[in-house]
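The following turns ask how a few structural labels are earned, setting each value against the cut-off behind it.

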Amino acid sequence: MKLLEGKVAIITGASRGIGSGIAKVFAQQGANVAFTYSSSAESAMALENELNALGIKAKGYQSNAADFSDAHKLVDDVIAEFGTIDILINNAGITKDNLLMRMSEEDFDKVIEINLKSVFNMTKAVQKIMLKNRKGSIINMSSVVGVKGNAGQANYAASKAGMIGFTKSIALELGSRNIRCNAIAPGFIETEMTAKLNEDVVKGWREAIPLKRGGSPEDVANVCVFLGSEMSAYVTGQVINVDGGMLT
Ligand code: NAP
């Protein structure tokens with residue numbers, strides 16, 4: 001049985017990394033997938049073709065999640081093309097790491113806008129159709145860093161912690177309408193975002209994780225399937241760590 005058969009999902013930032021992994025696993029589970037990207041048009045097109053070949057409907061949209069009107073236009077376009085929206089995954093995110101002493105105002109603002117304001121933009125935009133449908137699942141990609149903090153990532157950690165507060169508030173606000181909102185806190189997931197890191201540092205991280213490995217995009221995608229499907233019908237307002245036991 002496919003767990004997401006016929007459901008329509010919007011996934012932000014799916015041209016690579018975790019988002020791309022979620023899009024593929026969602027398509028395998030029978031979901032129709034609308035996804036966004038910022039500038040990677042070529043990989044977005046390749047993903048769109050790969051997903052459509054699985055027999056579901058898929059389309060990539062260039063859309064800046066940090067822009068309020070872009071987010072609303074995206075949602076209108078997706079409803080026109082796909083008919084409805086059942087699942088929203090706020091996955092788009094960036095890092096601009098630095099010690100506070102060296103962190104510029106611009107780098108603070110950018111990270112908050114792309115990681116946190118985007119969640120407000122997209123959730124507000126999908127709210128109307130989910131209220132009308134009297135159902136929906138919103139999944140926000142936070143981070144273990146948002147739960148415990150991290151030196152050199154004050155902007156990123158603040159954005160990810162902010163997502164958790166937003167998630168819990170929306171769960172409280174929209175629960176009576178059968179709209180659920182949960183967050184995922186991935187630990188160290190091996191993607192392009194983490195490939196920029198020093199190999200020795202990465203080795204040390206793997207060793208410190210109880211399961212002795214970095215996670216894969218599929219590890220995160222599988223939890224998204226759970227949260228997007230009826231399997232989690234009584235789960236809302238939660239933060240689920242997908243971190244190999246890192247925060248234990
Ligand atoms: P990634 O490989 O760098 O991919 C980021 C994705 O977001 C890309 O598809 C990118 O599009 C898109 N994006 C960036 N800015 C955007 C914007 N303004 N509007 C729309 N899309 C935008 O990142 P990742 O490692 O897969 O991470 C995905 C999410 O998981 C992020 O929120 C990240 O903070 C979170 N996370 C990651 C890890 C990890 O270990 N990797 C751990 C915890 C949390 P383009 O390709 O067009 O640039």
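**Labels and the values behind them**

Asp86 lies in the loop between H3 and strand S4 (87-90), in what is a predicted model.

Q: What makes Asp86 count as buried or exposed?
A: Its relative accessibility is 9%, and buried means under 20%, so Asp86 counts as buried.

Q: How do you know that the side chain of Asp86 makes a polar contact with the backbone nitrogen of Val8?
A: The backbone nitrogen of Val8 lies 2.7 Å from a polar atom of the Asp86 side chain, and a polar contact requires a pair of N or O atoms within 3.5 Å, so this distance meets the cut-off.

Q: Why is the aromatic pair of Phe68 and Phe120 called stacked?
A: A search of the whole structure finds two aromatic pairs. In the pair of Phe68 and Phe120 the ring centres are 5.9 Å apart and the planes make an angle of 25 degrees; because rings pair if their centres lie within 6.5 Å and planes under 30 degrees apart count as stacked, the label applies to Phe68 and Phe120. The pair links distant parts of the chain, with Phe68 in helix H3 (residues 68-82) and Phe120 in helix H4 (residues 105-133), 52 residues apart.

Q: What makes Phe68 and Phe120 partly exposed?
A: Phe68 has a relative accessible area of 34% and Phe120 has a relative accessibility of 36%; since partly exposed is the range between under 20% for buried and over 50% for exposed, Phe68 belongs to that class, and so does Phe120.

Q: Why is the aromatic pair of Phe188 and Trp205 called edge-to-face?
A: The planes of Phe188 and Trp205 are 80 degrees apart, with 5.1 Å centre to centre, and because an angle over 60 degrees counts as edge-to-face, that is the name for the pair of Phe188 and Trp205. Phe188 lies in the loop between strand S6 (179-186) and helix H7 (192-195), while Trp205 is in helix H8 (residues 199-208), so the pair ties together parts that are 17 residues apart in sequence.

Q: Are Phe188 and Trp205 buried or partly exposed, and what makes them so?
A: At 6% relative accessibility Phe188 falls under the 20% limit and therefore counts as buried, whereas Trp205, with a relative accessible area of 38%, is partly exposed.

Q: How do you know that Lys57 lies over the face of Phe82?
A: Lys57 is 5.3 Å from the ring centre of Phe82, and the distance limit for a charge over a ring is within 6 Å. Lys59 likewise lies over the face of Tyr61, at 5.5 Å from the ring centre.

Q: What makes strands S2 and S3 a pair?
A: Five bridges join strand S2 (residues 32-37) to strand S3 (residues 58-62), and because at least two bridges are needed for strands to pair, the requirement is met by these parallel strands. Val33 stands opposite Ala58 in S3. The chain crosses from S2 through helix H2 (residues 41-52) to S3, in a β-α-β crossover that is right-handed.

Q: How do you know that Cys181 is in no disulfide?
A: The structure holds zero disulfides. The cysteine sulfur nearest to that of Cys181 belongs to Cys224 and is 12 Å away, and because a disulfide needs sulfur atoms within 2.5 Å, the sulfurs of Cys224 and Cys181 are too far apart for a bond. Cys181 is buried, with a relative accessible area of 0%, and Cys224 also counts as buried, at 0% relative accessibility.

Methods. Residues are numbered from 1 along each chain as its sequence is written. This is a predicted model: local features need pLDDT of at least 70, side-chain atom pairs count only at pLDDT 80 or more; totals for chains, interfaces and linings use all residues. Side-chain values use heavy atoms; hydrogens and water are left out. Rings of Phe, Tyr and Trp (its six-membered ring) pair if their centres lie within 6.5 Å; planes under 30 degrees apart count as stacked, over 60 as edge-to-face and the rest as tilted. Helices (H or I, at least four residues) and strands (E, at least two) are DSSP runs, numbered from the N terminus. Buried means under 20% relative accessible area, exposed over 50%, partly exposed in between (1.4 Å probe, protein chains only). A charge sits over a ring if NZ of Lys or CZ of Arg is within 6 Å of the ring centre and within 35 degrees of the ring normal. A crossover is right-handed if, with the strands pointing away from the viewer, the path from the first strand over the helix to the second runs clockwise. A polar contact is a pair of N or O atoms within 3.5 Å; within protein, one must be able to donate a hydrogen and the other to accept it, and residues adjacent in sequence count only if both atoms are side-chain atoms.
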